[in-house]
Amino acid sequence: MSVVILDGSTVRGFVADDDAFARSVDARFEALDANGDGVLSRAELRRALESFRLLDGAGFGSAEPAPLPAEVSALYDSVFEQFDADHSGAVDRAEFRDQMRRIMLAVADGLGSQPGAGFGSADRGPFLLEAAEHEAASIAAKIDAQRAADAAAAADAK
């Protein structure tokens, strides 16, 4: 697992790069589409949400009891309805991408300019990690371009 420090501008920059964001979201979509039919069923999206383990109950020392199964099902159904914008009973790639964009921008708004830690691994939570990697690559490209310009200027001065 990796830990990165990022703020809202890191996440916004990643979302604003349409190609990089689409590649990331599309890769996640394909991983979630277990049967390869090009849409996410309610069960496929629920498995993904369950993998985040957000509703495991009293984790992290909380005194809160675990939610009732009916409450958990209602929550998952509500999330599915948010993703299934056209109410077709399945989430297509465009719907998934649109909702992930909204989620990531909400995360960016929540982070604001205050640095926060993002956790990611190959199988869990890669979007924040990919946002940080995107920013690092952008910074590296700017540094490389500046070095090349400096070298060209030095060569011209000789």
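Where is D33 found? Hold on to that one for a moment, everyone, while I set the scene.

What we have on screen is a predicted model, in which local features need pLDDT of at least 70, side-chain atom pairs count only at pLDDT 80 or more, and totals for chains, interfaces and linings use all residues. Residues are numbered from 1 along each chain as its sequence is written, and side-chain values use heavy atoms, with hydrogens and water left out.

Now the overview. The protein has six helices and four strands; helices (H or I, at least four residues) and strands (E, at least two) are DSSP runs, numbered from the N terminus. Reading from the N terminus, the order of elements is β-α-α-β-α-α-β-α-β-α. There are 158 residues in the protein, and 30% of them count as buried. By buried I mean under 20% relative accessible area, by exposed over 50%, and by partly exposed anything in between, with a 1.4 Å probe and protein chains only. Let's look at contacts too, meaning heavy atoms within 4.5 Å. Taking contacts between residues at least 6 apart in sequence, 69% join residues at least 24 apart.

Back to D33, then. D33 sits in the loop between α2 and β2, the strand at 39-40. D33 counts as buried because its relative accessibility is 9%. Leaving aside neighbours within four places in sequence, D33 touches G38, V39, L40 and E44. D33 is also 9.9 Å from D92, C-alpha to C-alpha, with their positions 59 residues apart in sequence.

D92 brings us to helix α5, residues 93-111. D92 caps the N-terminal end of α5, with a side-chain oxygen 3.1 Å from the backbone nitrogen of A94. That is a polar contact, a pair of N or O atoms within 3.5 Å; within protein, one must be able to donate a hydrogen and the other to accept it, and residues adjacent in sequence count only if both atoms are side-chain atoms.

The helix itself has 19 residues and reaches 27 Å from its first C-alpha to its last, close to the 27 Å expected at 1.5 Å a residue. The expected span is 1.5 Å times one less than the number of residues. Which residues of α5 are buried? They are E95, F96, Q99, M100, M104, A108 and L111. As general background, an α-helix has 3.6 residues a turn, so residues three or four places apart point the same way.

Two residues of α5 deserve a pause. M100 is in this helix, and it is buried because its relative accessible area is 9%. M100 lies 8.7 Å from F83, C-alpha to C-alpha, and the two are 17 residues apart in sequence. V107 also belongs to α5, but V107 counts as partly exposed because its relative accessible area is 29%. V107 and V11 are 96 residues apart in sequence, yet 7.7 Å apart in space, C-alpha to C-alpha. Just after the helix, G112 takes a positive phi of about 55°.

So what does α5 pack against? Here comes α2. The axes of α2 and α5 come within 10 Å and cross at roughly 120°; axes are lines fitted to C-alpha atoms, for helices over the stretch in contact, and angles run from 0 to 180 degrees between N-to-C directions. On the α2 side the contact is made by D18, F21, A22, V25, D26, R28, F29, E30 and L32, and on the α5 side by R93, F96, R97, M100, R101 and M104.

One charged-looking spot for the chemists: D26 lies in α2, residues 18-32. Is D26 buried or exposed? D26 is buried, because its relative accessible area is 16%. Beyond its neighbours within four places in sequence, D26 is in contact with R93 and R97. The buried residues of α2 include D26, along with A20, F21 and S24.

Last stop, H87. H87 is in the loop between α4 (69-83) and β3 (91-92). H87 has a positive phi of about 55° although it is not a glycine. In general, most residues other than glycine have a negative phi. H87 counts as exposed because its relative accessibility is 57%.

Thanks for listening!
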